[in-house]
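Visitor: I am new to this structure and should like to understand the terms used for it. May I see it before we begin?

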Amino acid sequence: MSDKTGIVTLVGAGPGDPDLLTLGAARALSRADVVVYDNLVCPEILEFAAGAEMIDVGKLPFGKQTAQETISSILIREGSLGRNVVRLKGGDPFIFGRGTEEIEALHRAGVPFRVIPGVTSLNGVLGAAGVALTTRGRNRGFAVFSGAGATDKTEFRQWAEYPGPVVVYMGVNRAADIADEFIHAGRASDEPVVVVARGGTPREAIAETSLGELAALLANPADWTPAIIVIGAAREHAFSARPLDGSVAVFNAGSLDSIAADELRALGARPARAVKREPTHPFAREVAVHKEAHK
Ligand SMILES: C[S@@+](CC[C@H](N)C(=O)[O-])C[C@H]1O[C@@H](n2cnc3c(N)ncnc32)[C@H](O)[C@@H]1O
């Protein structure tokens with residue numbers, strides 16, 4: 001135990017693409033003594049904390065799990081040692097991020113904390129894929145729910161009643177139940193659905209489908225995790241009509257932040273660096289061709 005108590009900063013890292021990291025997050029990372037991070041954080045983002053000790057408490061959907069109590073006790077231990085701790089979480093800490101449990105635990109232990117919100121998947125991932133969740137004259141709102149945790153599938157029906165697009169976090173494993181219940185509640189089976197998996201990462205995959213075909217598309221959940229799903233919205237035509245829509249342009253290291261890369265982005269391509277990662281990382285594997293998932 002140190003005489004001086006440190007500070008724990010809960011930082012939202014955004015959904016993957018380092019361009020979606022906030023300036024506050026980059027500053028906090030650059031001052032960190034220790035970074036406690038999740039698996040939904042892209043490796044490039046950790047480079048902002050060069051020199052800090054890294055503690056991986058990643059919770060893979062199909063892999064190793066670190067109990068929430070263990071994570072909270074690591075934060076309390078590190079803060080009590082007088083260290084400047086960054087708790088780096090995918091997206092935003094308070095949107096399906098268990099931020100509440102962590103600040104409650106810190107508060108109970110008397111460890112000072114602060115929060116830097118992050119870009120959440122619903123705007124970071126869907127926006128980058130060309131899905132506008134509101135459009136003047138078309139709709140004035142949208143609903144959001146988590147597909148995980150529902151014991152009774154009829155719970156999904158209440159979301160189907162929302163008169164506009166419905167965004168689903170953590171819905172890949174329950175896609176068949178969700179689609180069934182939405183159709184049961186009166187939504188048309190040809191209603192458009194967009195699925196974006198691993199958005200903003202080298203393994204991004206985008207699919208445009210319908211409620212009736214959603215379960216078949218996601219029949220192998222491991223191929224589509226993590227993904228954000230939106231029911232009742234489509235990619236904007238202006239996006240999908242761009243000549244390089246859906247293609248990946250492989251760049252050499254260091255050249256993604258350039259006018260040449262921006263020109264490709266404006267044509268609809270996704271410039272990416274071919275990087276090697278731990279094969280167990282969910283954003284691992286070389287840049288893949290996503291055209292087949294991208295109608
Ligand atoms: C435990 S929640 C964390 C949400 C996060 N706090 C946020 O604000 O985006 C995990 C879910 O977020 C969504 N998600 C997170 N990162 C994503 C990404 N890069 N692409 C698509 N969906 C993502 C998926 O629905 C995933 O199952």
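Visitor: What makes the approach of Met170 to an oxygen atom of the ligand a polar contact?

Guide: In this predicted model, where local features need pLDDT of at least 70, side-chain atom pairs count only at pLDDT 80 or more and totals for chains, interfaces and linings use all residues, a polar backbone atom of Met170 is 2.9 Å from an oxygen atom of the ligand. A polar contact is a pair of N or O atoms within 3.5 Å; within protein, one must be able to donate a hydrogen and the other to accept it, and residues adjacent in sequence count only if both atoms are side-chain atoms. The value of 2.9 Å therefore meets the limit of 3.5 Å. Residues are numbered from 1 along each chain as its sequence is written, and side-chain values use heavy atoms, with hydrogens and water left out.

Visitor: Which backbone atoms of Asp92 and Gly199 lie 2.8 Å from the ligand?

Guide: For Asp92, a backbone N or O atom lies 2.8 Å from an oxygen atom of the ligand. For Gly199, a backbone N or O atom lies 2.8 Å from a nitrogen atom of the ligand. The protein buries 90% of the 570 Å² that the ligand exposes when taken alone (accessible areas by the Shrake-Rupley method with a 1.4 Å probe; for residues, only the protein chains shown count as cover).

Visitor: Which residues around the ligand come nearest?

Guide: Of the 18 residues around the ligand, these are Pro15, Ile95, Thr120, Ser121 and Ala227. A residue is near a molecule or strand if one of its heavy atoms lies within 4 Å of it. Domain 1 (7-119) and domain 2 (120-295) each give at least three residues to the shell, the bounds coming from an automatic or database domain assignment.

Visitor: Why are E3 and E5 called edge strands?

Guide: The open sheet has the order E3-E2-E4-E1-E5, with parallel pairing. Strands (E, at least two residues) and helices (H or I, at least four) are DSSP runs, numbered from the N terminus. Strand E3 (53-56) and strand E5 (113-116) each pair on one side only, so they are the edge strands.

Visitor: How do you know that E1 and E4 pair?

Guide: Two strands pair if DSSP finds at least two bridges between them. Strand E1 (residues 7-12) and strand E4 (residues 84-89) have six bridges in the parallel sense, and therefore they pair. Thr9 has Val86 in E4 as its bridge partner.
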